[in-house]
Amino acid sequence: MNAPASLQPGTASLLAVWRVRAAHYGAHLLPVALGLAALTVIPFSTWASLTIAGVAMGVIIFIMAAGLGLVFGLMNILNFAHGAFITFGAYVAAAVLARMSGWTQADDAVLNLLAFAACGAAAATVAGVLGYATERIIIRPVYGAHLKQILVTVGVLIVAEQLVPVFWGGVPVPVTRPALLRGSILIGQVAVERYRLVAIVTGLLVYGGMVAVLARTRIGLLIRAGVQNREMVEALGYRIQAVFILVFVAGSALAGFGGAMWGLYHELITASLGSEVLVLTFIVIIIGGPGSTSGAFYAALLVGLTANYVGFLAPKLALGSNIALMLAILMWRPTGLLPASRN
Amino acid sequence: MTPPAVGVARAESAANTRALLTLEQVQTHIGRYHILHGVDLAIPEGEVTMLLGRNGAGKTTTLRTVLGLWRASAGRIVFGGRDVTHLATPDIAQLGIAYVPEDMGIFGGLTVRENLILAARSGPPDPERLRWVLGLFPPLERFWGSPAGVLSGAQKQMLAIARAIVEPRRLLLIDEPTKGLAPAVVNQLIGVFNELKAQRTTILMVEQNVMLARAIGDRVAVMVDGCVVHSASMTEFEADADVQGRLLGFSLGGQA
């Protein structure tokens with residue numbers, strides 16, 4: 001007896017596999033396409049500087065946004081308090097660097113990098129602890145109620161912004177880069193800021209680490225499954241709540257770390273840093289597809305590159321360029337670049 | 001007058017089996033809707049119970065309430081001698097219940113392999129059992145590394161059932177496995193269910209497909225308006241054209 005057609009490896013299914021793959025690589029190549037397009041209108045050495053700045057900005061935005069996307073994807077929670085973790089991360093990093101001036105000023109690459117690692121670790125730790133407390137005290141009572149979530153988490157953001165002057169004063173605080181991360185190096189004819197290179201390497205490490213955890217560990221598998229169908233994960237016998245707390249704390253810690261890197265990028269921070277950057281992180285999550293880590297990464301690159309290219313070509317349009325980018329992507333792909341669920 | 005849910009089993013099964021799962025006067029509300037109005041049901045160990053009834057009778061709600069996906073607002077659910085009425089879904093599932101929902105609940109962005117790894121809760125799937133499962137559903141092996149989202153409806157259903165049996169479970173809750181599938185595929189599934197049945201797997205299945213219900217069911221429970229109104233062995237049920245017509249609106253004889 002012949003097996004029914006639907007059981008055969010029919011061409012329709014193989015075609016579907018290839019369509020998914022094509023869509024996948026399309027999203028990956030989009031930042032490259034954007035870069036090449038910009039090269040046609042911008043002189044090479046300027047283009048190279050802008051591209052490196054854009055990629056550096058992009059990966060930092062990714063670090064700040066990654067946790068927000070997973071929290072929304074996994075538990076459908078809108079968390080504006082995420083901006084507070086970014087702000088506190090930046091300020092904690094600035095404070096740590098200020099106290100470690102011996103190491104940051106030293107003519108010793110190892111001490112410089114240790115100072116960089118220390119400020120990042122301190123920022124991540126403080127933000128992680130704040131995240132844990134926020135989830136337990138503020139967010140848990142409003143599970144499943146979006147409007148209340150927005151109200152209470154925006155409240156946390158406002159309170160955090162008002163607390164910053166209490167701890168660190170009302171004037172913008174300088175963030176001192178360790179000596180190794182100052183100045184530029186020449187690659188061919190192109191001057192490249194050292195910190196941007198360090199930021200790119202760090203961002204790629206964070207992204208690679210996240211992808212590895214999500215793809216290769218059981219907890220990663222649970223997170224990806226939970227983003228797609230939380231109820232089914234529970235029906236399989238897993239307590240998704242425990243996974244969620246872990247993701248929330250890790251995401252908050254990453255936000256703090258990203259805040260530290262953002263502070264070092266701009267070298268000057270204000271209390272409104274978190275709420276300003278939060279807009280960018282939300283754009284990245286929406287463009288990438290909520291809950292999708294790879295989507296957020298490529299979306300963040302697009303946002304970083306667009307901001308830099310447009311800032312050079314038409315500075316007056318720079319502010320609106322990210323919103324325009326979001327509109328364009330959503331018209332093309334309403335569920336984002338790499339949607340997490342493909343049911 | 002409806003017969004009690006317990007104690008109407010065939011003589012031999014009444015003697016040899018005990019109820020693995022019992023529902024006593026279970027009520028469920030979803031929002032302001034009152035769906036289950038006091039369900040009494042006993043699922044004997046090692047048998048296949050078919051839950052029949054028209055659309056909206058509360059069959060799916062019954063399965064979901066057993067698993068705690070919707071909370072019973074009254075009554076008692078006992079599984080394996082333990083009161084699970086107020087346990088959380090993961091804890092109920094961990095007692096040994098697998099669930100194949102009506103929408104199959106496939107993780108479309110995960111590969112076929114990852115779907116099965118996740119379903120094997122206690123570690124990497126046992127290779128021999130996995131080989132048996134893939135033998136039941138050859139297409140799953142063919143699409144082993146592909147995202148489950150690209151599978152056809154039939155293949156997704158196979159994956160959903162494979163997920164439920166990749167590790168031995170004490171009870172399978174299966175909701176309309178043949179919905180929307182071609183007759184040839186349904187025949188294949190009947191073969192699979194018969195193999196599970198031969199291994200004395202306890203199954204509670206919601207099914208509208210009479211052919212499948214007759215082919216694999218040991219017992220029948222019929223739901224009307226949120227209550228189990230009739231419970232009998234398949235043999236008794238098949239013989240009772242009057243009950244069939246009254247409760248389901250058709251008679252099995254006419255479909256045979």
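**Chain B: domains and contact with chain A**

Modeller: This is a predicted model. Chain B splits into domain 1 (11-96 + 171-255) and domain 2 (106-169).

Colleague: What separates the centres of domain 1 and domain 2 of chain B?

Modeller: The distance is 24 Å, taken over C-alpha atoms.

Colleague: And how many residues are in contact between those domains of chain B?

Modeller: Domain 1 of chain B puts in 10 residues, and domain 2 of chain B puts in eight.

Colleague: Which elements give two or more residues on the domain 1 side?

Modeller: β7 (171-175) and α8 of chain B. The largest share is from α8(B), with four residues. By class, that side of domain 1 has seven nonpolar, two polar and one charged residues.

Colleague: Switching to chain A. How many residues does each chain bring to the contact?

Modeller: Chain B brings 30 residues and chain A brings 25.

Colleague: Which helices of chain B supply at least two residues there?

Modeller: α3 (89-94), α4 (112-119), α6 (138-142) and α8 (183-198) of chain B each do.

Colleague: What's the class make-up of that side of chain B?

Modeller: The side of chain B that touches chain A has 19 nonpolar residues, eight polar and three charged.

Colleague: Confidence next. What ipTM does the predictor give the complex?

Modeller: The ipTM is 0.89, and the pTM is 0.85.

Colleague: And the mean pLDDT of chain B? What is it?

Modeller: The mean is 89, and 91% of the residues of chain B reach 70 or more.

Colleague: Where is the pLDDT of chain B below 50?

Modeller: Over residues 1-16 of chain B. That stretch still has 24 contacts in the model beyond near neighbours in sequence.

Terms used
Residues numbered from 1 in each chain as written. Chains lettered and ligands numbered in written order. Predicted model: local features only at pLDDT ≥ 70, side-chain atom pairs only at ≥ 80, totals over all residues. pLDDT = per-residue confidence, 0-100. Contact = placed C-beta atoms within 7 Å. Nonpolar A, V, L, I, M, F, W, Y, C, P; charged D, E, K, R; others polar. Domains from an automatic or database assignment.
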